[in-house]
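I am opening my notebook on a new structure. I want to go from the whole chain down to single residues.

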Amino acid sequence: NLTITHSVEVRGGWNVSFTMQDPVSTPTILDGTREHNVRIENTSSQDQIIIEGLALRNGEDGIHIWTGNVTVEHCTILDTSKQGIEVDGDSNVQIWTVTVVQTGGEGVLIEGGGAVALTGSTIEGCAQQGIQVNRGYVWLFDNHVHDVVLDGIRINGGRVSVVSNTIYAVQSNGIEASGSQVI
């Protein structure tokens, strides 16, 4: 399991000669053994963290972000007991082309008051919401959310832009919004 407390770039998915990065064909796998796969905490506002090309599985949360300026891209998060990705605090987070599959909670849970962009990602097989937003400035663009037990996207607070998302095969609402500003 990986705890990050300062600027770092973690880039996986390289071939054996480290000449080409292809996370689909050559994934770098972190097995969380039911703990957080990746924890980002106690970073300064200047710290830049990049998580790219990892396959995270069997964690409590795949990635739990408490602080930092974080970019997560081209990762797969599979079989978590809680959230695929959880964002707390006033973090600034960009999530690009991430796949979250089979979570015991939400696929992506945003509880912090910072800025979060979730783009081009697939969220599926969640025991609760696909995406839940409780606070913050959040942009949800071109994501695919399906096969979730509750709402595809639930917005309880914050300022949220929802553009060009595909939501299907949910057992409750496609989008449920209350107590927030949705654009």
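**Surface and overall size**

I looked up the surface first. The chain exposes about 8000 Å², and carbon and sulfur atoms supply 50% of that area. I note here that this is a predicted model.

Next I checked burial. Of the 183 residues in the chain, 48% count as buried.

Then I took the dimensions. The C-alpha trace spans about 50 × 35 × 30 Å along its principal axes. How does the radius of gyration of the chain stand against that of a compact globule? For 183 residues, a compact globule would have a radius of gyration near 16 Å. The chain has 15 Å, so the two agree.

I also looked at contacts. I kept to contacts with a separation of 6 or more. Residues 24 or more positions apart account for 35% of these.

**Strands and the sheet**

How many helices and strands does the chain have? I found zero helices and 23 strands.

I then traced one open sheet. The sheet has eight strands with parallel pairing. I wrote down their order as E1-E4-E7-E10-E13-E16-E19-E22. Strand E1 (2-4) and strand E22 (175-177) stand at the edges. Each has a single partner strand, so one side of each is left without a neighbour in the sheet. From one strand to the next, the twist averages 5°.

I reminded myself how such pairing works. Strands of a sheet pair through backbone hydrogen bonds, either parallel or antiparallel.

I zoomed in on one edge. E1 and strand E4 (residues 38-40) run parallel, and three bridges join them. Which residue of E4 is the bridge partner of Thr 3? I found Arg 39 there.

**Cysteines**

I went on to look for disulfides. The rule asks for a pair of cysteine sulfur atoms within 2.5 Å. By this rule I count zero disulfides.

Why does Cys 75 form no bond with Cys 126? The closest cysteine sulfur to that of Cys 75 is in Cys 126, and it is 16 Å away, so the gap is too far for a bond. I checked from the other end as well. Cys 126 is in no disulfide, and its nearest cysteine sulfur is that of Cys 75.

Are these cysteines buried or exposed? The cut-off for buried is under 20% relative accessible area. Cys 75 has 2%, so I list Cys 75 as buried. Cys 126 has 1% relative accessibility, so Cys 126 counts as buried too.

Conventions
Residues numbered from 1 in each chain as written. Predicted model: local features only at pLDDT ≥ 70, side-chain atom pairs only at ≥ 80, totals over all residues. Heavy atoms only, no water. Pairing = 2+ DSSP bridges. Helix = DSSP H or I, 4+ residues; strand = E, 2+ residues; numbered from the N terminus. Axes fitted to C-alpha atoms, helices over the stretch in contact; angles between N-to-C directions. Buried < 20%, exposed > 50% of the residue type's maximum accessible area, 1.4 Å probe, protein only. Rg over C-alpha atoms; globule rule 2.2 N^0.38 Å. Contact = heavy atoms within 4.5 Å. Areas by Shrake-Rupley, 256 points an atom, 1.4 Å probe, with all protein chains shown as cover.
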